[in-house]
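Biologist: Hi! Could you walk me through this model before I start drawing figures?
Modeller: Happy to, let's put it on screen.

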Amino acid sequence: MTDQPNEPGNMPPNEDPTTPPIDGGDAIPPTPDEKNMALVAHLLGILLSVIGPLIIWLIKKDDSKFVDDQGKEALNFQITILIAYLISSVLTTVLIGCLLLPIVIIVNIVFCIIAAMKSKEGIRYRYPFALRLIS
């Protein structure tokens, strides 16, 4: 083995070289409070749609890079889900929306729970098909 630090075989087992640090430089792990606030931002999306993540993000965006990142991610996903709800509602007039609306609800619940679990572990989560309107 060589002593090159950038080779995958020489990385410590708990570091993931594919995930860039949030700060862009030093990778300071989030505190338990930051993890909990990110978790709450994701879970409030299930109950309060856009309002929950927006409140968490506005309160904590300047205090924590992790909560800022995850709050924006939760907010972007809830905006995407809100658009999907609106489209499904309009499509109920042609009955396709009656099939789409439950799917949108289930997708929202499942992905919010996955994001909350990842946030609780201190891992940045990216929703697979969220519009990135707030950056």
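**A chat about the fold and its aromatic cluster**

Modeller: Let me start with Glu73, which is buried, with a relative accessible area of 3%. Buried here means under 20% relative accessible area, with exposed over 50% and partly exposed in between (1.4 Å probe, protein chains only).

Biologist: Where is Glu73, and what does it touch?

Modeller: Glu73 sits in helix α3. Leaving aside residues up to four places away in sequence, Glu73 touches Tyr125, Arg126, Tyr127 and Arg132; contact means heavy atoms within 4.5 Å.

Biologist: Before we go on, what should I know about the model and its numbering?

Modeller: This is a predicted model, with local features needing pLDDT of at least 70 and side-chain atom pairs counting only at pLDDT 80 or more, while totals for chains, interfaces and linings use all residues. Residues are numbered from 1 along each chain as its sequence is written, and side-chain values use heavy atoms, with hydrogens and water left out.

Biologist: Got it. How many helices and strands are there?

Modeller: The protein has 4 helices and 0 strands, in the order α-α-α-α along the sequence. Helices (H or I, at least four residues) and strands (E, at least two) are DSSP runs, numbered from the N terminus.

Biologist: Back to those tyrosines. How many aromatic pairs does a search of the whole structure find?

Modeller: The search finds 5 aromatic pairs. Rings of Phe, Tyr and Trp (its six-membered ring) pair if their centres lie within 6.5 Å; planes under 30 degrees apart are stacked, over 60 edge-to-face, and the rest tilted. One of the pairs is Phe77 with Tyr127: the ring centres are 4.0 Å apart and the planes are at 5°, so this pair is stacked.

Biologist: Which parts does that pair tie together?

Modeller: Phe77 lies in helix α3 (residues 65–91) and Tyr127 in the segment after α4 (96–120), so the pair links parts that are 50 residues apart in sequence. Both residues, Phe77 and Tyr127, are buried.

Biologist: And how do Tyr125 and Tyr127 pair up?

Modeller: Tyr125 and Tyr127 are edge-to-face, 5.2 Å centre to centre with 85° between the planes. Tyr125 has 11% relative accessibility, so it counts as buried, and Tyr127 is buried at 1%.

Biologist: Which residues form the aromatic cluster?

Modeller: Phe77, Phe111, Tyr125, Tyr127 and Phe129 form one aromatic cluster.

Biologist: Nice. Switching to α1: how many residues does it have, and how far does it reach?

Modeller: Helix α1 (residues 32–48) has 17 residues and reaches 23 Å from first C-alpha to last, close to the 24 Å expected at 1.5 Å a residue. That expected span is 1.5 Å times one less than the number of residues.

Biologist: Which residues of α1 are buried, and what covers them?

Modeller: The buried ones are Glu34, Met37, Ala38, Ala41, His42 and Gly45. Their cover includes α2 (51–60), α3 and α4. Just after α1, Ser49 takes a positive phi of about 60°.

Biologist: Last one: what share of the protein is buried?

Modeller: Buried residues make up 30% of the 135 residues. Among contacts with a separation of 6 or more, 64% come from residues 24 or more positions apart.
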